[in-house]
Amino acid sequence: MKLDLVHDTQLAYRKLMDSMSRPGLISELGELAGKVGLKLNCFDATVLLAAVLLDTEVTFKIISEKEEEIVRLFNQLTYAKAAETAAADFIFVLNDANSFQLEEAIRKAKAGDLIHPHASATFIVEAEQITNDNGLVLSGPGIEDTHHVQVSTCGSESRGSWLDERDLRNIEYPLGIDMIFVDRDSRTLCLPRTTQISKKVNN
């Protein structure tokens, strides 16, 4: 692996935080993800995000047919421990998962409590493609007016059941879940719990 686990992960972290503070901003991680250099059943950018987000103080869950293989890699890379969905701090939903698995994971994930609202799960979801095409309309903190994005994941585009499940989990702010999407071209989009998502725009 050519990835510099100090310098490169710091750069990736800054890009990720920029996207989290500006929902709808699509960050390009391709140059950094290209340094991963591993042939795995997940995106290089997903491995990069694991290196950024995971450490010995947090737990993670892999939703994938290749769960055992990816758990072993992430553990070796970050020393973080695997956990069940309801207890995991970070939940990685890989591209071989289906929409039902994503929806179920959102239902089961921890959303914090009123004393510790940030003791909640963050999702990292592999998508086929992320663009700024008309599709989902984002509004809320960090967005001046509205922002349009299109997310194709788990066999469907735009508003799907995963969004309905997300709405239910985030209805009692500050409780809720945060979501990070990453696509095959190493583009990343963040949807923090404060972001409101409305229906597809029809042209």
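Two strands count as paired if DSSP finds at least two bridges between them. The exercises below apply this and similar criteria to a predicted model.

**Exercise 1. Strand pairing around β10**

Determine which strands pair with β10, in what sense, and over how many bridges.

*Solution.*

Step 1. Consider strand β1 (residues 27–28). Two bridges connect β1 with β10, and the sense is antiparallel. The criterion asks for at least two bridges, so β1 and β10 qualify as a pair. Within this pairing, S27 is positioned opposite T188 of β10.

Step 2. Consider β9. This strand runs antiparallel to β10 and is joined to β10 by four bridges. One residue match is that of M179 with its bridge partner L191 in β10.

Step 3. Examine the connection. β9 and β10 form a hairpin with three residues between the strands. In this hairpin, S186 adopts a positive phi near 65 degrees.

**Exercise 2. Burial of β10**

Establish how many residues of strand β10 (residues 187–191) are buried, and on which faces they lie.

*Solution.*

Step 1. Count the buried residues. Five of the five residues of β10 are buried, so the strand is largely enclosed by the rest of the structure.

Step 2. Separate the faces. In a regular strand, side chains alternate between the two faces of the sheet. In β10, one side carries R187, L189 and L191, while the other carries T188 and C190. Both faces are covered, since all of these residues are buried.

Step 3. Inspect C190. Its relative accessible area is 0%, and the limit for a buried residue is under 20%, so C190 is classed as buried.

**Exercise 3. Cysteines and disulfides**

State how many disulfides the model contains, and decide whether C42 is buried or exposed.

*Solution.*

Step 1. Recall the chemistry. A disulfide is a covalent bond between the sulfur atoms of two cysteines.

Step 2. Apply the distance rule. With a cut-off of 2.5 Å between the sulfur atoms, the count is zero disulfides.

Step 3. Classify the cysteine. C42 has a relative accessible area of 8% and is buried.

**Exercise 4. Aromatic pairs**

Find how many aromatic pairs the structure holds, and classify the geometry of F60 with F74.

*Solution.*

Step 1. Count. Searching the whole structure yields three aromatic pairs.

Step 2. Classify F60 and F74. Their ring centres are 5.9 Å apart and their planes make 55 degrees, a tilted arrangement. F60 belongs to strand β2 (residues 59–63) and F74 to helix α4 (residues 67–78), so the pair ties together parts 14 residues apart in sequence.

Step 3. Check the surroundings. F60 is buried at a relative accessible area of 0%, and F74 is buried, also with a value of 0%.

Step 4. Classify W162 and F181. The distance between centres is 5.0 Å and the angle between planes is 55 degrees, so this pair is tilted. W162 is in helix α6 (residues 161–169) and F181 in strand β9 (residues 178–183), which places the partners 19 residues apart and links distant parts of the chain. W162 is buried at 3% relative accessible area, and F181 is buried at 0%.

Step 5. Look for clusters. Ring pairs connect F60, F74 and F92 into a cluster.

**Exercise 5. Salt bridges**

Give the number of salt bridges, and state where the partners E128 and R184 are located.

*Solution.*

Step 1. Recall the principle. Side chains of opposite charge can pair when their charged atoms come close. The count for this model is 12 salt bridges.

Step 2. Locate E128 and R184. Their closest N and O atoms are 2.9 Å apart. E128 lies in the loop between β5 (122–127) and β6 (129–139), and R184 in the loop between β9 and β10, 56 residues apart. E128 is partly exposed at 40% relative accessible area, as is R184 at 46%.

Step 3. Turn to a bridge within a helix. K108 and E104 meet at 3.2 Å, N to O. Both belong to helix α5 (residues 99–108) and are four residues apart, about one turn of the helix. K108 is partly exposed at 46% relative accessibility, and E104 is partly exposed at 36%.

Step 4. Add a further bridge. D18 and R22 form a salt bridge of 3.6 Å, N to O. D18 is partly exposed at 31%, and R22 is partly exposed at 42%.

Step 5. Identify a network. Salt bridges link K61, E67 and E84 in a network.

Technical notes. Residues are numbered from 1 along each chain as its sequence is written. This is a predicted model: local features need pLDDT of at least 70, side-chain atom pairs count only at pLDDT 80 or more; totals for chains, interfaces and linings use all residues. Side-chain values use heavy atoms; hydrogens and water are left out. Rings of Phe, Tyr and Trp (its six-membered ring) pair if their centres lie within 6.5 Å; planes under 30 degrees apart count as stacked, over 60 as edge-to-face and the rest as tilted. Buried means under 20% relative accessible area, exposed over 50%, partly exposed in between (1.4 Å probe, protein chains only). A salt bridge is a side-chain nitrogen of Lys or Arg within 4 Å of a carboxyl oxygen of Asp or Glu.
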